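Student: I've got a structure to look at and I'd like to learn how to read its contacts. Can you walk me through it?

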Amino acid sequence: MNYVYINFGARKFASSHCEPNLASGNVMKKCGLHFIGYGKFEKLDGSVQMRSMEYEGEM
């Protein structure tokens with residue numbers, strides 16, 4: 001995030017992970033992102049759907 005902020009001026013960031021993968025959520029929190037709600041991941045063919053957890057943050 002810092003690299004993109006310094007080199008490209010990005011200030012807002014967003015990320016998500018599959019709900020069962022709480023370790024990824026912990027990484028996002030350590031990066032300063034905050035949980036904003038739930039979303040949905042699905043395979044391109046629609047055969048598998050999973051709930052996602054959405055995060056946002058700003059530098």
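Tutor: Sure, starting with the basic term: contact means heavy atoms within 4.5 Å. This is a predicted model, where local features need pLDDT of at least 70, side-chain atom pairs count only at pLDDT 80 or more, and totals for chains, interfaces and linings use all residues. Residues are numbered from 1 along each chain as its sequence is written, and side-chain values use heavy atoms, with hydrogens and water left out.

Student: Okay, which residues does His-17 touch, leaving out those up to four places away in sequence?

Tutor: With that exclusion, His-17 touches Leu-22, Ser-24, Gly-25, Met-28, Phe-41, Arg-51, Ser-52, Met-53 and Tyr-55. His-17 sits in strand β1; strands are DSSP runs of E with at least two residues, helices are runs of H or I with at least four, and both are numbered from the N terminus.

Student: Is His-17 buried or exposed?

Tutor: The cut-offs are under 20% relative accessible area for buried, over 50% for exposed, and partly exposed in between (1.4 Å probe, protein chains only). His-17 has 4%, so it counts as buried.

Student: What polar contact does the side chain of His-17 make with another side chain?

Tutor: A polar contact is a pair of N or O atoms within 3.5 Å; within protein, one must be able to donate a hydrogen and the other to accept it, and residues adjacent in sequence count only if both atoms are side-chain atoms. Here the partner is the side chain of Tyr-55, at 3.3 Å. The His-17 side chain also reaches the backbone oxygen of Asn-21 at 3.1 Å.

Student: And which residues make up the largest nonpolar core?

Tutor: Such a core is a set of buried Ala, Val, Leu, Ile, Met, Phe, Trp, Tyr and Cys residues joined through side-chain atoms within 4.5 Å. The largest one has five residues: Phe-13, Met-28, Leu-33, Met-53 and Tyr-55.

Student: How many salt bridges are there?

Tutor: The rule asks for a side-chain nitrogen of Lys or Arg within 4 Å of a carboxyl oxygen of Asp or Glu, and that gives three. One joins Arg-51 and Glu-19, N to O at 2.9 Å. That pair links distant parts of the chain, 32 residues apart: Arg-51 is in strand β3, and Glu-19 is in the loop between β1 and α2 (22–30). Arg-51 is partly exposed at 42% relative accessibility, and Glu-19 is partly exposed at 25%. Another pairs Lys-40 with Glu-42, with the closest N and O atoms 3.4 Å apart. Lys-40 is exposed at 55%.
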